[in-house]
Amino acid sequence: MTGRIGEVLARITPNPNTYTLLGLALAWLAPLASMQGLHWAGIVLIAASALVDALDGAVARAAGRESRRGEFLDSVTDRLSDTAYYTALAYAGLMPPLLLIALGLSVSISYTRAKGELVGVSMRGVGVMERGDRVLWILLVYALAAAGLVYYGNLLLGIGVLLLTYTLAVRIMKVWKGIEEP
């Protein structure tokens, strides 16, 4: 599905970094909307950000412009987008300590994957909270808060923190066991 969309978008703007940066810009509009009390707009912006970001790789492949720089830029902007998403949740009235823990775990999960792959350990599909899963979870938490169900949003946030902790632990163990010492 994303391959076809990538082909169409590559004809419009073949530079995949355009889509990466557009996704980042949309992500940072979400907390701006949320601080104005426009939580449903924030949800739409996060969803749009994640969708656009998911397409940058498809555009790169379709345009024949895959690069290590693009992969690096995508990784960095994903972390910045995650920060924007959690900031939007804070303005929606969710518990700041849980949000900080979730953000720290999310960044650590991504960092563990990057370091694991750097030392030759495949991390694809390890754990239950990959980035796509985390974005869907954030959208659900945000929707509960936007609907005035902040208590249930915090409950789902807490459950997510447990799943993030599990994912991080599983990834750390996989990398630890997969590293071959001389």
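**Exercise 1. Find where Leu-73 sits, state how far it is exposed, and list the residues that it touches beyond its sequence neighbours.**

Step 1. Leaving aside residues up to four places away in sequence, Leu-73 touches Asn-17, Thr-20 and Leu-21, where contact means heavy atoms within 4.5 Å. This is a predicted model, in which local features need pLDDT of at least 70 and side-chain atom pairs count only at pLDDT 80 or more, while totals for chains, interfaces and linings use all residues. Residues are numbered from 1 along each chain as its sequence is written, and side-chain values use heavy atoms, with hydrogens and water left out.

Step 2. Leu-73 belongs to helix 4; helices (H or I, at least four residues) and strands (E, at least two) are DSSP runs, numbered from the N terminus.

Step 3. Leu-73 counts as partly exposed because its relative accessibility is 23%; buried means under 20% relative accessible area, exposed over 50%, and partly exposed in between, with a 1.4 Å probe and protein chains only.

Step 4. Thr-165 lies 92 residues from Leu-73 along the chain, and the C-alpha atoms of the two are separated by 26 Å.

**Exercise 2. Describe helix 4 by its span, its buried residues and its packing partners.**

Step 1. Helix 4 covers residues 68-91, which is 24 residues, and it reaches 35 Å from its first C-alpha to its last, close to the 34 Å expected at 1.5 Å a residue; the expected span is 1.5 Å times one less than the number of residues.

Step 2. The buried residues of helix 4 include Gly-70, Asp-74, Thr-77, Asp-78, Ser-81, Tyr-85 and Leu-89. An α-helix has 3.6 residues a turn, so residues three or four places apart point the same way.

Step 3. The buried residues of helix 4 pack against helix 2 (16-35), helix 3 (39-63), helix 5 (96-118), helix 6 (131-146) and helix 7 (150-178).

Step 4. After helix 4 comes Gly-93, whose phi is positive, near 95°.

**Exercise 3. Compile the surroundings of Thr-77, Gly-23 and Asp-53, leaving out residues up to four places away in sequence.**

Step 1. Thr-77 is found in helix 4 and counts as buried because its relative accessible area is 3%. Thr-77 touches Thr-20, Leu-21 and Leu-24.

Step 2. Gly-23, in helix 2, has a relative accessible area of 1% and is therefore buried. Gly-23 touches Ser-49, Val-52 and Ser-81, and its C-alpha lies 9.6 Å from that of Ala-47, which is 24 residues away in sequence.

Step 3. Asp-53 has its place in helix 3, and it is buried, with a relative accessible area of 10%. Asp-53 touches Asp-74, Asp-78 and Arg-131.

**Exercise 4. Test the spans of helix 5 and helix 7 against expectation, and name the helices that their buried residues meet.**

Step 1. Helix 5, with 23 residues, reaches 33 Å from its first C-alpha to its last, close to the 33 Å expected at 1.5 Å a residue. Among its buried residues are Leu-98, Leu-103, Ser-106, Ile-109 and Gly-116, and the buried residues of helix 5 pack against helix 4, helix 6 and helix 7. Just after helix 5, Gly-120 takes a positive phi of about 90°.

Step 2. The 29 residues of helix 7 should span 42 Å at 1.5 Å a residue, and its end C-alpha atoms are 41 Å apart, which agrees. Buried residues in helix 7 include Gly-153, Asn-154, Leu-157, Val-161, Leu-164 and Arg-171, and the buried residues of this helix pack against helix 4, helix 5 and helix 6.

**Exercise 5. Decide how the whole chain is built and how compact it is.**

Step 1. The protein chain comes to seven helices and zero strands. Its radius of gyration is 17 Å, close to the 16 Å that the globule rule gives for 182 residues, so the chain is as compact as a globular protein of that length; the radius is taken over C-alpha atoms, and the rule is 2.2 Å times the number of residues to the power 0.38.

Step 2. The C-alpha trace spans about 50 × 45 × 25 Å along its principal axes, and buried residues make up 43% of the 182 residues.

Step 3. Among contacts between residues at least 6 apart in sequence, 79% join residues at least 24 apart.
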